[in-house]
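Thanks for coming, everyone. Please pull up the structure, and I will walk you through it.

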Amino acid sequence: MTALLPELKLDASVEAAATVSPETTAEPETTPEPIDEPAPESTAAPENTPEAQSAAIPEKYLGVWYGVSMEMEGVSYPLADMGMELTLTISADGAAEMNMNGEVERFQCAVRDGVLTAGAKTLTLQEGMLQLSEDSAAMLMSREKPEAAAEAPAPVDETATLDSFKGVWTASRVSAEGMTLPAAAADMAGDTLTVYGDTCDLTLSGYLLDGLPCHMDGHRLIFTLLDGECAVTRHTDGTLSLMLEEASVWYEYTGEAPEAPAVPTQEPMSEPTAEPMTEPTAAPAPAAPGAASMVGRKFVMTDADVSGYNMSAAMMGGFEYSILLREDGNVEFVMAGANIPSLTWSYGKVPTDSGEADGIVIAYPGQLLYLVPTEQGFDMDYFGTMLMHFAPEA
């Protein structure tokens, strides 16, 4: 828009010259009239100038920016160490294109109250760096392309023995789809692998799987998880990697393992009776067709919003996250590959951003989970840690 202003001024001067030229040959009374006419035109252009300037993108923001680091919950993570490459290109008309590992997002920027924004995104300059903030996360970018990604993982320690696996190991990062994310970004902060010897305990997204039988197979530690086997490998830098179908979880040693817990008796296994499973009565008539369509079908998590970022199931460890609402009122809920037993459901009101809606309420031990119907399936807020999106199993 500002590029048009010189042309407007030039047009005004030409019109003024055209009216002045007949001044020596025409009537003097008509000369002031055309002179007065361009005057308001010339004053109208400056009146619009501030608006044009406020809508234009300042030159200091324009051009190509390269992602350097990502900050979540006060902790900064270099993008190169996470296997991520990001470029952001901002044009003078406000059009912006962000490319992250080949995935392109386009959006429109505008200056509002002196701040460059794009929807929920805010872009600010700090000591020559551009910071893109959204929700609780922020991306720091530079004019210079950062150095290449960190070195490849350390080689496998083929001399590892069972004793070298014993101890408490804490998840530090997760690798999936060519990206490496910190454990916190994958909702695995504080997750541990505790190896006692012939048994081990594993926590996934805060859920404990204990007493898992394990054994050595060459230099790898093998344990059974659900219906399959998982392999844990020790590397020469002292780290462990747990290999899953579509991801790897990396652990660092954090201490000695406590005394192995006693082998559980059969009493805890026999506690659940058939009564809790038959207590729920036939589900009442649903308040909305969307909720009714969720019953009797298995839904799987497609992706989740975690700390301001959208992550696929593969990026969160490749585990199964699924929900099946049975018609008898019981729930089959698999969280991070582990079955959570003795859950029931009912139709009810569920909270949404626009108020209450008709949905499904799951009675989780000590609290409730709400399933909000969507066009794809339903959303579930998992106790404020992440918003999980589900769709029918293919």
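A definition to begin. Helices and strands here are DSSP runs, numbered from the N terminus, and a strand needs at least two residues. With that, take Ala336. Ala336 sits in the loop between β23 (330-335) and β24. Its phi is positive, about 55°, although Ala336 is not a glycine. Is Ala336 buried or exposed? Ala336 is buried, with a relative accessible area of 0%.

One caution before I go on. This is a predicted model.

Now compare Ser342. Ser342 is in strand β24. Ser342 also has a positive phi, about 60°, and is not a glycine. Its relative accessible area is 53%. The cut-off for exposed is over 50%, so Ser342 counts as exposed.

Let's step back to the whole protein. How many helices and strands does the protein have? There are seven helices and 28 strands. The protein has 394 residues, and buried ones make up 39% of them. The accessible surface comes to about 21800 Å². Carbon and sulfur atoms own 53% of that surface. Now the contacts. Take those between residues at least 6 apart in sequence. Of these, 51% join residues at least 24 apart.

Next, the inside. The largest nonpolar core has 90 residues. Which residues have the most contacts inside that core? They are Leu88, Phe223, Ile323, Phe333 and Met388. The largest share of this core comes from strand β24 (residues 338-352), with five residues.

Let's pick one of those names, Phe223. Leave aside its neighbours within four places in sequence. Phe223 then touches several residues, among them Leu202, Leu212, Val232 and Leu242. Its contacts also include three cysteines: Cys200, Cys214 and Cys230.

That brings us to sulfur. A disulfide is a covalent bond between the sulfur atoms of two cysteines. How many disulfides does the structure hold? Zero. Why is Cys200 not bonded to Cys214? The sulfur of Cys214 is the closest cysteine sulfur to that of Cys200, but the gap is 4.3 Å, which is too far for a bond. The cut-off for a disulfide is within 2.5 Å. Cys230 is in no disulfide either. Its nearest cysteine sulfur belongs to Cys200, 9.3 Å away. Both cysteines are inside the protein by the numbers. Cys200 is buried at 0% relative accessibility, and Cys230 is buried at 8%.

On to the aromatic rings. A pair of aromatic rings is described by the distance of the centres and the angle of the planes. The count here is five aromatic pairs. I will show you two.

Pair one is Trp169 and Tyr253. Their ring centres are 5.2 Å apart and their planes stand at 75°, so the pair is edge-to-face. Edge-to-face needs an angle over 60 degrees. Where are these two residues in the chain? Trp169 lies in strand β11 (residues 167-176), and Tyr253 lies in strand β19 (residues 248-255). The pair therefore ties together parts that are 84 residues apart in sequence. Trp169 is buried, at 1% relative accessibility. Tyr253 is partly exposed, at 43%.

Pair two is Phe378 and Phe390. Their ring centres are 4.9 Å apart and their planes are at 20°, so this pair is stacked. Stacked means under 30 degrees. Phe378 is in strand β27 (residues 378-381), and Phe390 is in strand β28 (residues 387-392). The two are 12 residues apart, and the pair links distant parts of the chain. Phe378 is buried at 0% relative accessibility. Phe390 is buried too, at 2%. And there is a third member: ring pairs link Phe299, Phe378 and Phe390 into a cluster.

Phe378 has another partner for us, Val372. Val372 is in strand β26 (residues 367-373). Beyond its neighbours within four places in sequence, Val372 is in contact with Gly377, Phe378 and Asp379, and also with Val350, Pro351 and Thr352. Val372 and Ala357 are 15 residues apart in sequence, and their C-alpha atoms are 7.6 Å apart in space.

Last topic: charges over rings. What sits over the ring of Phe107? The charged end of Lys121, 4.9 Å from the ring centre. Arg143 lies over the face of Trp65, at 3.8 Å from the ring centre.

That's my tour. Thank you.

Methods
Residues are numbered from 1 along each chain as its sequence is written. This is a predicted model: local features need pLDDT of at least 70, side-chain atom pairs count only at pLDDT 80 or more; totals for chains, interfaces and linings use all residues. Side-chain values use heavy atoms; hydrogens and water are left out. Helices (H or I, at least four residues) and strands (E, at least two) are DSSP runs, numbered from the N terminus. Buried means under 20% relative accessible area, exposed over 50%, partly exposed in between (1.4 Å probe, protein chains only). Contact means heavy atoms within 4.5 Å. Accessible areas come from the Shrake-Rupley method with a 1.4 Å probe; for residues, only the protein chains shown count as cover. Rings of Phe, Tyr and Trp (its six-membered ring) pair if their centres lie within 6.5 Å; planes under 30 degrees apart count as stacked, over 60 as edge-to-face and the rest as tilted. A charge sits over a ring if NZ of Lys or CZ of Arg is within 6 Å of the ring centre and within 35 degrees of the ring normal. A nonpolar core is a set of buried Ala, Val, Leu, Ile, Met, Phe, Trp, Tyr and Cys residues joined through side-chain atoms within 4.5 Å.
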